[in-house]
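Please look through the sequence and the model shown here before reading on. The paragraphs that follow lead from the overall picture to the metal site, and then to the strands and some individual loop positions.

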Amino acid sequence: MTALSRRALFGGAAALATVWAAPRAALAQAAPPTGPHRLADLPYAFDANEAAIDARTMELHWRFHHGAQVNNLNNALREHTALHDMPLDRLLMNLGQVPEGVRTAVRNNGGGHANHTMFWAIMGGRGGEPGGDLAAAIARDFGDFSTLRTRFNQAANGVFGSGWAFVTVTGEGRLAIATRPNQDNPLMDGQRVLIGNDVWEHAYYLRYQNRRAEYTAAWWNVLDWNRIGERFAAARAGTLGV
Ligand code: MN
């Protein structure tokens with residue numbers, strides 16, 4: 001059945017669904033990016049994080065929110081070709097080198113690109129608890145994993161308006177909780193991110209509406225501690241990017 005005949009038959013909600021489907025299909029075949037940065041595919045299906053985040057939120061969040069930030073970052077950098085070869089983490093650590101006219105755009109959209117790239121990378125798992133060196137670091141710096149989770153959620157729930165909560169990690173493997181407003185990232189202060197949770201309303205509103213604390217509590221159920229353990233090792237080896 002064609003979209004037109006479906007619309008003619010059902011009208012109303014079906015027509016809305018057709019309208020909704022069309023731009024998604026078009027965007028899926030969009031031209032490749034025209035700048036140095038690109039929106040990578042998610043490393044899992046949209047429903048992979050269903051235990052905390054519904055598939056529609058995952059798709060909207062990745063395709064439109066993150067996607068727009070990548071496009072806006074590329075647009076901001078378009079005429080600044082000297083910055084095209086600078087990796088995203090270096091760009092955010094050196095915002096002072098970005099021309100003033102595009103610095104805010106690079107901060108907001110480059111920060112958003114880094115934050116979301118990290119966010120997708122640490123999910124797709126089944127929660128549980130970390131092991132190995134990371135578990136030992138958590139015990140040293142927080143007492144135990146449960147305390148880390150409680151303190152992190154308190155920080156995330158306490159972010160006023162839009163922003164992020166993070167666990168930062170030093171080259172020595174020291175862990176700390178941090179929050180940032182908007183799309184700021186600890187890289188802007190020379191710190192590396194182990195994990196972070198997006199507490200912008202777009203991250204959770206479809207399923208949780210105003211109940212942010214329910215979202216932040218459920219989020220731990222989809223973390224991939226193998227991947228996070230790899231990030232911890234990379235931080236200590238000096239090879240962790242965004
Ligand atoms: Mn987001």
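Of the 242 residues in the chain, 43% count as buried, and the accessible surface comes to about 11900 Å², with 52% of that area belonging to carbon and sulfur atoms. This is a predicted model, in which the chain averages a pLDDT of 90 and 86% of the residues score at least 70. Some caution is needed at the N terminus, since over residues 1–30 the pLDDT stays under 50, and for this stretch the model has 17 contacts beyond four places in sequence.

The secondary structure comprises 10 helices and 3 strands, and from the N terminus on the elements follow the order α-α-α-α-α-α-α-β-β-β-α-α-α. When the contacts with a separation of 6 or more are considered, 70% of them are accounted for by residues 24 or more positions apart.

Which residues coordinate the manganese ion? The ion is held by His 61, His 116 and His 202, each through NE2, together with Asp 198 through OD, at 2.0 to 2.1 Å. Along the chain these donors follow the spacing H-x54-H-x81-D-x3-H. Two of them link distant parts of the chain, for His 61 lies in helix H3 (residues 55–77) and Asp 198 in strand E3 (residues 192–198), 137 residues apart. Both His 61 and Asp 198 are buried, and strand E3, to which Asp 198 belongs, is mostly covered, with 7 of its 7 residues buried.

From E3 one can move to its partner, strand E1 (residues 163–169), which pairs with E3 in the antiparallel sense over 6 bridges. Within this pairing, Val 169 stands opposite Arg 192, while Phe 166 stands opposite Gly 196. E1 is also joined to E2 by 7 bridges, and these two strands likewise run antiparallel; here Thr 168 stands opposite Ala 176 in E2. The hairpin of E1 and E2 has 5 residues between the strands, and in it Gly 173 takes a positive phi near 85°.

How many residues of E1 are buried? The count is 7 of the 7, so E1 is largely enclosed by the rest of the structure. The two faces of the strand can be read from its side chains: Gly 163, Ala 165, Val 167 and Val 169 point one way, Trp 164, Phe 166 and Thr 168 point the other way, and all are buried.

The loop between strand E2 (175–181) and E3 holds Asn 185. Is Asn 185 buried or exposed? Asn 185 counts as buried because its relative accessibility is 1%, and the cut-off for burial is under 20%. The side chain of Asn 185 makes a polar contact with the side chain of Asn 115 at 2.8 Å, and it also reaches the backbone nitrogen of Leu 187 at 2.7 Å. Leaving aside neighbours within four places in sequence, Asn 185 is in contact with Ala 114, Asn 115, Phe 166, Arg 180 and Val 193; among these, Phe 166 is the residue of E1 that stands opposite Gly 196 in E3.

The loop between E2 and E3 also contains Asn 182, whose phi is near 55°, a positive value in a residue other than glycine. At 41% relative accessibility, Asn 182 counts as partly exposed, whereas Asn 185 is buried. A positive phi is found as well at Gln 209, where the angle is near 50° and the residue is again not a glycine. Gln 209 has its place in the loop between helix H8 (205–208) and helix H9 (212–219), and with a relative accessibility of 30% it counts as partly exposed.

A last position to examine is Pro 130, found in the loop between helix H5 (100–122) and helix H6 (132–142). Pro 130 counts as buried because its relative accessibility is 12%. Not counting residues up to four places away in sequence, Pro 130 touches Ala 135, Ile 138, Phe 145 and Trp 225. Pro 130 and Asn 226 are 96 residues apart along the chain, and yet their C-alpha atoms are separated by 7.6 Å.

Methods: Residues are numbered from 1 along each chain as its sequence is written. This is a predicted model: local features need pLDDT of at least 70, side-chain atom pairs count only at pLDDT 80 or more; totals for chains, interfaces and linings use all residues. Side-chain values use heavy atoms; hydrogens and water are left out. pLDDT is the predictor's confidence in each residue, from 0 to 100. Contact means heavy atoms within 4.5 Å. Donors are N, O and S atoms within 2.8 Å of the metal (3.2 Å for Na, K and Ca); water is not among the atoms, so sites may look incomplete. Helices (H or I, at least four residues) and strands (E, at least two) are DSSP runs, numbered from the N terminus. Buried means under 20% relative accessible area, exposed over 50%, partly exposed in between (1.4 Å probe, protein chains only). Two strands pair if DSSP finds at least two bridges between them. A polar contact is a pair of N or O atoms within 3.5 Å; within protein, one must be able to donate a hydrogen and the other to accept it, and residues adjacent in sequence count only if both atoms are side-chain atoms. Accessible areas come from the Shrake-Rupley method with a 1.4 Å probe; for residues, only the protein chains shown count as cover.
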